[in-house]
Structure formats: C-alpha cells, structure tokens
Amino acid sequence: MSIQSGRKKIAATAVAVFLSLFSISHSVGAQALPKEVRIGWQKGSAILVLAKKQQAIEARLKSLGVDSVKWVEFQFGPPMLEALGAGAIDLGSVGDTPPIFAQSGGSDLVYAAANPSAEHAVLVPKDSPIKTLADLKGKKIAVGKGSSAHNVAIKALALAKLTPKDAELVFLAPADATAAFNGGKVDAWVVWDPFFAIAEQRYNARVVADTSDKRLASSAYYMASREFASKYPKVLSTVIDEIRNITIKAGKNREELAAVAAEATGIDAHIWISTFNRADFTVGPVTDAHIAQQQQLADNFLALGIIPKKINVK
C-alpha cells in the first residue's frame, strides 16, 4: 500500500467514526463552524418537510453556534446529489441509486446515516394485459433515471429473468411520468411513495410487484459532501441525531405527519396516511450490510453498462 492510499484509508476511517450515530464524541476540541448548513429536501420527504416546519434542526445547531439552515428543494434524488457534488448543498436524503451514479461521476460523498426506503411499486393501468413481471418484456416502463426506482425496475426485470434490454426504460421525472402513464404513452411505471399511493388511489393503477417483496427492497441514505463531513463532523452528527429524533416521534404520530405533508404538497392527507402506514420510521448508522448492498447495486449497474466504471462504495 502506498503512503498516499494509506492516508486516504485513514481519513475515510476517521470520517466513518465521526459519523457513527452511536459513537458520537462530545469531547472533541474546539472546531470551526459553518455560518450556515444547506440541506437538500424534497416535498415527498415528509420527515424533512416536518423538520423544516418545526425548525428543530435550527434549534439544535444554534446551540452549537451555527447561525442558520438553508433549505434547498429538489424534485428527486439525482439532481440533489449533483448539487451536493458541486458544493451547492451540504447534505440531503436520497434513495439507494443516486449515490452510485454520483460516485461513478466523481462526486466525493459520505454516507452519513441509513433508513428504510419508501415503498416502491411496478404499476400498470387497471385494464392492462400485463399481469406478471415477465409480461414486461418488450414494454415501455417509465422510471426516473438514477433514482431508487431505477434499481427497483432492474431488480424486478431480473426476477423475471429479463434485463433492461428486454424492455424499454423511458426515463422520466415523476411529474412527467404521471402524464405519460395516464396518457397511455408508457405501459408501466416504477415509482416510490407517495406517487405510488397517488397512482393507486387517483388513477386506479394496479400493482404488479412492490417492495414488500424483500427481493426488491432497499435502503435510503442521508448523504453529505466529504468536505463538509470532514470539516464539521460534530455539526453533521448533530443534524443526523436530530433527524433521528424527529423520525421516531413522527412514527408515533403518523396522522399529524400526514397533515404536515398534505399542507406542504397539496396531496390529500389520506394518501399520505396510506404511505406512512407502510413506512418504517427508523434512522441508524450505515452498516457493513448496507455497504455490501450498495456495492452489489454498483456492480450490477456496471455489468449492465449503466455506469461507466467500477466504483468502490466503501
């Protein structure tokens, strides 16, 4: 091992230790503090919507001496991680797939914490002839490129012994995919909650498969730029700890969370309740199992030619 690679490994290990939710050291000496922490969020990420409304993160950070929090909105994960990689935000919450694309593109990111992913589904119109995953062969499937749904789509096809070449993946953001699905421009749609619940309840979409099948399930992650994680580990761990507190409380008050999410998004509260009733409200450290899962995802995407080079998630 070269001295340079050795130093990189030591630095990576130090960051991992700082970020462990269960080994945060409060005896760290005086650290520089950012004047502002910039958090990427999506209206569909109800926990961060609630955190933004309650200003609980702001309160925790003020106790450290951080002046303010800036909330930057994104429609879904890939653009958020582009902003993270470009230094426009400091941290955000995404599904399992955006970090793989970001890392393959050279972004220097850190997995700060993990939580179960929102439920995803492979959806078709109510009267579609598609009954099984095998019936997706040769069909047009709407999916957000580089999103967690991209991975679910590939895993769903694999369960039917199909690859993306056996179908046509049509890369659309959720708003455009909604129009394409309802307009008959695509045969199926792979998407996450609350869009999953909206499609079921508003458009009578039928579920062919969903992530209650653990072979399709995955995790979501709170991601930070490595520069931010390295310079301000105590600030980052404080933000994650407060998000964890908010998440646990929200899981015990799901109707209240649904009301907050409905106000922020204009989506009916009963749709959010359906979403939250099948959600798991936990946040914890990134484990070896998470890293192995992410590495398998990266290796699968490389084999399929979806990402251009091999990456080492760890």
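Here are four short exercises on the predicted model shown above.

**Exercise 1: A strand in the interior**

Task: Work out how many of the residues of strand β5 (residues 120-124) are buried, and what follows for the strand.

Solution: Start with one side of the strand, where you will find H120, V122 and V124. Now turn to the other side, which holds A121 and L123. Each of these residues counts as buried, so both faces of β5 are covered. The cut-off to use here is under 20% relative accessible area. That gives five of the five residues buried, so β5 is largely enclosed by the rest of the structure.

**Exercise 2: The partners of β5**

Task: Find which strand β5 is joined to by four bridges, and name the bridge partner of V122. Then do the same for β9 and V124.

Solution: Begin with β8 (residues 188-192), which runs antiparallel to β5 and is joined to it by four bridges. Within β8, V122 has V190 as its bridge partner. Next comes β9 (residues 206-210), which also pairs with β5 in the antiparallel sense, again over four bridges. Here V124 is matched with R206. As background, strands of a sheet pair through backbone hydrogen bonds, either parallel or antiparallel.

**Exercise 3: Reading a five-strand sheet**

Task: Write down the strand order of the open sheet of five strands, and find its edge strands.

Solution: The order is β2-β1-β3-β10-β4, and the pairing is mixed. The edge strands are β2 (68-73) and β4 (109-116), each of which pairs on one side only. From one strand to the next, the twist averages 20 degrees. Look now at how β4 is held: seven bridges link it to β10 (residues 219-225) in the antiparallel sense. One of the pairs to look for is V110 with A224 in β10. Finally, find helix α4 (residues 77-85), which lies across β1 (36-41), β3 (91-94), β4 and β10. This helix runs at about 155 degrees to β3.

**Exercise 4: Two helix residues**

Task: Decide whether H150 is buried or exposed, and find which residues K53 touches beyond its neighbours within four places in sequence.

Solution: Take H150 to begin with, a residue of helix α6 (residues 148-159). Its relative accessible area is 2%, so H150 is buried. Beyond its neighbours within four places in sequence, H150 has contacts that include F101, L169, F171 and F301. Now move to K53, in helix α2 (residues 46-54). With the same neighbours set aside, K53 is in contact with V260 and E263. Although K53 and V260 are 207 residues apart in sequence, their C-alpha atoms are 8.3 Å apart in space.

Technical notes:
Residues are numbered from 1 along each chain as its sequence is written. This is a predicted model: local features need pLDDT of at least 70, side-chain atom pairs count only at pLDDT 80 or more; totals for chains, interfaces and linings use all residues. Side-chain values use heavy atoms; hydrogens and water are left out. Buried means under 20% relative accessible area, exposed over 50%, partly exposed in between (1.4 Å probe, protein chains only). Helices (H or I, at least four residues) and strands (E, at least two) are DSSP runs, numbered from the N terminus. Two strands pair if DSSP finds at least two bridges between them. Axes are lines fitted to C-alpha atoms, for helices over the stretch in contact, and angles run from 0 to 180 degrees between N-to-C directions. Contact means heavy atoms within 4.5 Å.
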